[in-house]
Each structure stands twice: as structure tokens, then as C-alpha cells.
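Reader: I'm new to this one. Can you walk me through it?
Author: Sure. Have a look, then ask away.

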Amino acid sequence: MRIVIASSEAVPFAKTGGLADVVGGLGKALARRGHDVTLVLPYYRQLMAEEIPRRPTGRFVEIPMRGQRVRAGVVESQLPGSQVRVLLIDHPHYFDRPGLYVEDGSDYPDNCERFCAFSRFVMEAAKMFRLQPDVIHCNDWQTGLIPALQQIEYRSRPGFEQTAAVLTIHNMAFQGSFWGLDMELTGLDESYFNWRQMEHYGRLNLLKSGIVFSDALTTVSPTYAREIQTAEFGCGLEGVLQHRAEALTGILNGIDVDLWNPDTDPAIPMPYSRETVSVGKAFCKKRLQERFNLPQQPKIPLCGMISRMSEQKGFDLIEEIAGELMQQDVQLAFLGTGEKEYEAFVRELAARCPDKVAATIGFDESLAHQIEAASDIYLMPSRFEPCGLNQMYSQAYGTVPAVHAVGGLADSVIDCTPESLADRVATGFQFQTYDAAAFLTRLRDALDAYRDDAVWDVLVENGMSCDWSWDRSAEEYEQVYAQARASLNPSC
Ligand code: ADP
Ligand code: GLC
């Protein structure tokens with residue numbers, strides 16, 4: 001199949017979170033499976049600094065924007081280690097900025113214009129480079145306008161007649177909701193601004209537009225696919241999703257084992273495999289303790305957390321149990337950025353308990369790998385979690401996750417019970433109710449288990465034996481693509 005993936009992030013070009021890992025990993029897996037994959041991304045400042053070969057194509061794409069013609073260059077590159085072609089939309093005014101979406105804690109005020117323009121540039125690039133896609137795979141609100149553009153403007157144009165638009169929802173909490181007057185930026189007729197299509201309670205909603213106009217919809221775990229059809233998790237769009245339930249599939253993310261494999265990871269001080277995990281992890285832990293000035297005691301359980309610091313990720317629970325946790329024999333290593341309140345909380349905790357807590361505020365890819373390798377337990381008490389990647393990275397690195405049983409965490413961690421231990425399938429600890437007491441109880445269970453080598457070795461071994469590689473999920477995406485195409489033309 002000829003597949004165009006449109007995204008606002010992809011590893012190693014630009015990343016703020018899991019979307020980037022997923023787009024990079026899926027693109028590579030699809031290309032390995034023989035598909036012709038082109039990834040279209042904005043050409044950000046972040047990316048300009050990266051040492052990835054690229055060359056200007058000398059071609060320009062042009063779109064209408066508020067009655068004017070706006071032009072962008074197209075730079076070509078390749079996803080390292082793959083056959084995936086990458087087209088970078090070079091529009092310095094929109095994308096040559098310090099942040100991807102946010103600067104100094106505030107969203108760029110023209111985000112709607114930037115990503116409406118990007119969505120149109122993707123379609124024009126597909127036309128200019130004669131990509132004739134079988135599928136355009138869009139991701140999140142930033143490319144949510146594309147399915148509408150395909151249905152309304154492009155389907156009748158040469159090269160797009162048989163193109164299916166597929167949208168993957170990575171997080172319902174981010175919808176690209178803008179004031180109604182921004183409808184003008186889409187370049188589509190005002191008549192589409194109605195409650196069945198692009199409007200949501202008086203506002204332009206780009207995620208809703210994508211949900212309504214795409215030929216097939218996916219989200220990043222089977223449990224989240226069910227959850228988002230309820231008021232608790234649907235963030236106001238549950239009705240729209242219920243309406244499209246037939247078209248919605250939950251596909252669990254994979255992990256890119258070229259990048260997240262403790263046996264080959266260049267970022268960690270000693271590589272290790274299932275056979276050598278006890279030695280390798282002990283060394284990585286010692287080095288991390290050293291780096292953070294934590295007492296270098298091998299037997300103290302080290303709990304890691306690498307995360308956007310937001311309400312989604314359960315920092316309120318961490319805050320609630322911190323006092324209690326500080327009474328235990330435990331060390332904590334935090335890496336993250338986000339809401340000032342949580343940044344301040346972990347900073348203060350580290351200042352108050354320097355022999356127990358280390359906090360790094362910032363984004364540091366290589367430190368993220370080191371924390372995964374060094375930790376014994378990984379904390380992921382997310383309030384909601386569409387999929388989550390660190391619980392899978394953790395298992396691959398022999399780090400036992402303690403998670404809230406929600407979304408993709410429920411689908412990818414097997415709770416430790418006497419039965420699941422005996423069956424040698426247990427990989428972590430889940431708590432069911434989102435509250436501090438439930439989290440603390442389960443964390444205590446994890447700490448007890450850590451002190452019992454016979455139990456712990458089984459948990460580590462089970463986690464490291466799981467196959468999270470992208471192939472399984474890529475096959476499920478192929479099925480969705482085929483269904484989306486069949487729905488366009490039942491005879492395909
Ligand atoms: P989300 O996309 O909701 O943030 P995921 O678990 O899907 O959560 O993915 C988060 C990704 O971002 C992981 O690869 C994680 O290691 C990475 N990450 C998050 N915060 C940081 C940080 N401060 N430094 C480095 N990597 C980070
Ligand atoms: C979102 C979700 C996260 C998911 C990621 C990649 O950022 O919050 O759960 O793993 O997208 O799909």
C-alpha cells in the first residue's frame with residue numbers, strides 16, 4: 001500500500017511525548033512489511049539542529065490562508081534505519097520557533113492557523129509529489145483537518161479518488177478546540193461549522209472534525225477505545241465517538257526495539273539482556289545513584305518516573321503519598337517537565353529528602369533511558385492513559401511497573417497475584433481505584449515483592465520476555481487500512 005502518515009511529531013525528528021515514538025516506530029514497521037511509506041512533518045527549529053541528513057527538494061507547496069496564498073518549501077529526509085521517506089514542510093514563520101506548540105508555558109496563539117496550514121500543506125505535498133496514497137494516516141488534532149479536506153476538496157481530484165483517511169486518537173484531552181471565528185482558517189465553507197461536523201459547543205474542534213470525516217478511526221489501546229465512549233473519559237466527545245463506534249478500533253502501541261533495547265542501548269552504562277539483567281541493572285543503578293548523589297546502596301529499591309508533569313500522569317497521587325513513602329526504605333528518581341505546581345513539588349521533595357529523591361526538571365532522552373535501566377520499579381499512577389509507553393519500556397528493561405489499571409496500562413501490565421505468579425505471566429502491580437490509599441497499598445506490595453528474590457526474578461523475567469515490537473500492531477493497522485479502503489468502494 002502507499003501510505004502517507006501526517007504527524008506533528010516523530011522520533012528522531014521532533015518529540016514532546018509518546019506520539020513521536022509511535023509515529024516513528026509504526027512508520028518503520030510498515031515500511032519493513034513492504035509498504036511505501038511517506039511521513040510528512042513540520043520542519044521545526046528543534047529538527048534543524050538534529051544531525052539527520054536532509055536536502056531541499058527545490059519544490060514549493062502553496063495553500064490558501066485567509067484569502068492569501070501561503071507558500072512552504074519541502075525538504076526531504078529519511079527515517080533513520082528505514083525506507084521511510086520524510087517530507088518536511090518548511091515554513092519558518094509557522095515552525096522555526098523554540099517550542100512545538102508551547103513557549104514559556106503558553107500555547108502559541110496561532111496554533112490553529114499553524115496546524116490548519118500544515119494539514120493543507122500535507123495534501124498539497126501528496127499532490128505535488130504524486131504520492132497517490134491509498135491511505136492518509138492522521139494523528140491527533142494537529143492533523144484532524146485532513147480527513148475533512150480529503151472528503152470535501154480532494155476526493156474528486158486525480159490521485160485522491162481512492163484515498164482513505166484514517167485518524168488515530170492518541171489523547172482525547174487535547175482536541176484542538178478554538179474559537180468559532182477560526183473556522184475561516186480551515187478554508188472550508190462556513191456551512192461545515194455545525195454541531196454534526198466541525199463545531200462543538202460554539203467552538204471549532206479539529207479532533208471532532210477528524211472523527212467525523214475519517215473513513216476509519218483508531219485509538220492506542222483496546223481499553224481506551226471503550227473508555228472514550230463514556231462521559232468519564234470522552235472529554236465531551238463521547239457522543240460523537242459512540243456514533244462512530246463501528247469505525248473505531250483500539251490497537252495497542254508497540255515499542256521501537258531498535259531504540260529501546262537494554263542489550264543494545266548506547267545511552268546506558270552497561271548493556272544487559274534477560275540473562276545478565278541482575279549484573280547490568282545493578283551497575284546502571286549504581287551509576288545513576290552516583291550521578292544523583294543518592295546513597296549507593298544496591299538493595300534499596302529505586303523507583304523511576306519519566307513523565308510530562310500533568311494531572312493525567314497522577315502527580316496528585318504521588319503528592320498525597322509522598323510523606324508516607326519517605327518513611328520507607330526507598331529511592332525515587334524523577335525526570336519531567338510540565339505544570340509548574342508539580343515541578344515545584346518534586347523539586348521541593350528532592351531538596352527536603354536529598355538522600356531519597358532525585359529530580360531533574362527538563363527533557364532529556366538519554367537520561368530517560370538511564371532511569372529505565374537503573375530503576376527497579378516504575379511508577380505510572382495515571383488518572384487516564386490512552387496507551388502509555390514507559391510501562392512497556394520498563395518491562396523490556398526488567399523494571400517492574402506499578403500502574404493504575406486504566407487504558408493501555410490495563411492492557412499491557414499483568415497484575416501480580418498468587419495465580420499470575422504461579423502461571424509465570426505476572427509483570428507488574430495494578431491498582432483499580434484512582435486514590436492514594438489504593439496506590440500506596442499496591443506500591444507497598446511491590447516493595448515487599450522486591451525483597452523476595454524468588455518473586456522478583458519471576459516478575460523481571462516475565463516482563464523481559466514480552467514481545468512489544470511493532471510488527472503485531474502494524475498488522476492490525478493494515479487491517480484497518482484495508483477496511484477503510486473497502487468502505488470507500490465496496491468492490492475493492
Ligand atoms: P505521553 O505521550 O502521554 O506523554 P507516553 O508514555 O506515551 O506518554 O510517552 C511518553 C514518552 O516521552 C516516552 O518516550 C518517555 O520516555 C518520554 N518522556 C516524557 N517526559 C520526558 C522527559 N522529561 N525527558 C525525556 N523523555 C521524556
Ligand atoms: C498520548 C497518550 C499516551 C500514548 C501516546 C502515544 O500522548 O497520552 O498514553 O501512549 O499518546 O500513542
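**Strands and ligands**

Author: Let's begin with one pair. Leu 39 stands opposite Val 86 in S5. Keep in mind that this is a predicted model.

Reader: Which strands does that pair belong to, and how many bridges join S2 to S5?
Author: Strand S5 covers residues 85-90, and 5 bridges join S2 to S5. The two run parallel.

Reader: And what is the bridge partner of Ile 5 in S2?
Author: Leu 39 again. Ile 5 belongs to the pairing of strand S1 (residues 2-6) with S2. Those two strands also run parallel, joined by 5 bridges.

Reader: What kind of unit do S1, H1 and S2 make?
Author: A β-α-β unit, and a right-handed one.

Reader: How many residues of S2 are buried?
Author: S2 spans residues 36-42, and 6 of its 7 residues are buried. The strand is mostly covered.

Reader: Let's switch to S9. Why is S9 largely enclosed by the rest of the structure?
Author: S9 runs over residues 164-169, and 6 of its 6 residues are buried, so the rest of the structure largely encloses it.

Reader: Which residues are buried on the two sides of S9?
Author: On one side, Ala 164, Val 166 and Thr 168 are buried. On the other, Ala 165, Leu 167 and Ile 169 are buried. Both faces are covered.

Reader: What about S8 and S9: over how many bridges do they pair?
Author: Over 5 bridges, in the parallel sense. Strand S8 is residues 135-139. Val 135 has Ala 164 as its bridge partner in S9. From S8 the chain crosses through helix H5 (residues 145-154) to S9, and this β-α-β crossover is right-handed.

Reader: In what sense do S9 and S13 pair?
Author: Parallel again, over 4 bridges. Strand S13 is residues 216-219. There, Ala 216 is the bridge partner of Val 166.

Reader: New topic: the ligands. How many residues surround ligand 1?
Author: There are 22 residues around ligand 1. The closest are Lys 15, Gly 18, Arg 308, Lys 313 and Gly 362.

Reader: Which atom of Gly 362 lies 2.8 Å from a nitrogen atom of ligand 1?
Author: A backbone N or O atom. Lys 313 uses its side chain instead: a polar atom there lies 2.8 Å from an oxygen atom of ligand 1. Asn 390 also has a polar side-chain atom, 3.1 Å from an oxygen atom of the ligand. The protein covers 93% of the 560 Å² of accessible area that ligand 1 has on its own.

Reader: Which element gives the most to the shell around ligand 1?
Author: S15, with 3 residues. By class, that shell has 7 nonpolar, 8 polar and 7 charged residues.

Reader: And ligand 2: which residues are the closest?
Author: His 170, Asn 253, Glu 385, Cys 387 and Gly 388, out of 13 residues that surround ligand 2. H1 supplies the largest share of this shell, 3 residues.

Reader: Where is the polar backbone atom that is 3.0 Å from an oxygen atom of ligand 2?
Author: In Cys 387. Pro 386 has a polar backbone atom 3.5 Å from an oxygen atom of ligand 2. The side chain of Asn 171 has an N or O atom 3.2 Å from an oxygen atom of the ligand. The protein covers 93% of the 310 Å² of accessible area that ligand 2 has on its own.

Reader: What is its shell by class?
Author: The shell around ligand 2 has 5 nonpolar, 6 polar and 2 charged residues.

Notes. Residues numbered from 1 in each chain as written. Chains lettered and ligands numbered in written order. Predicted model: local features only at pLDDT ≥ 70, side-chain atom pairs only at ≥ 80, totals over all residues. Heavy atoms only, no water. Buried < 20%, exposed > 50% of the residue type's maximum accessible area, 1.4 Å probe, protein only. Pairing = 2+ DSSP bridges. Right-handed = clockwise from strand over helix to strand, strands pointing away. Near = heavy atom within 4 Å. Polar contact = N/O pair within 3.5 Å; in protein donor to acceptor, adjacent residues only side chain to side chain. Areas by Shrake-Rupley, 256 points an atom, 1.4 Å probe, with all protein chains shown as cover. Nonpolar A, V, L, I, M, F, W, Y, C, P; charged D, E, K, R; others polar.
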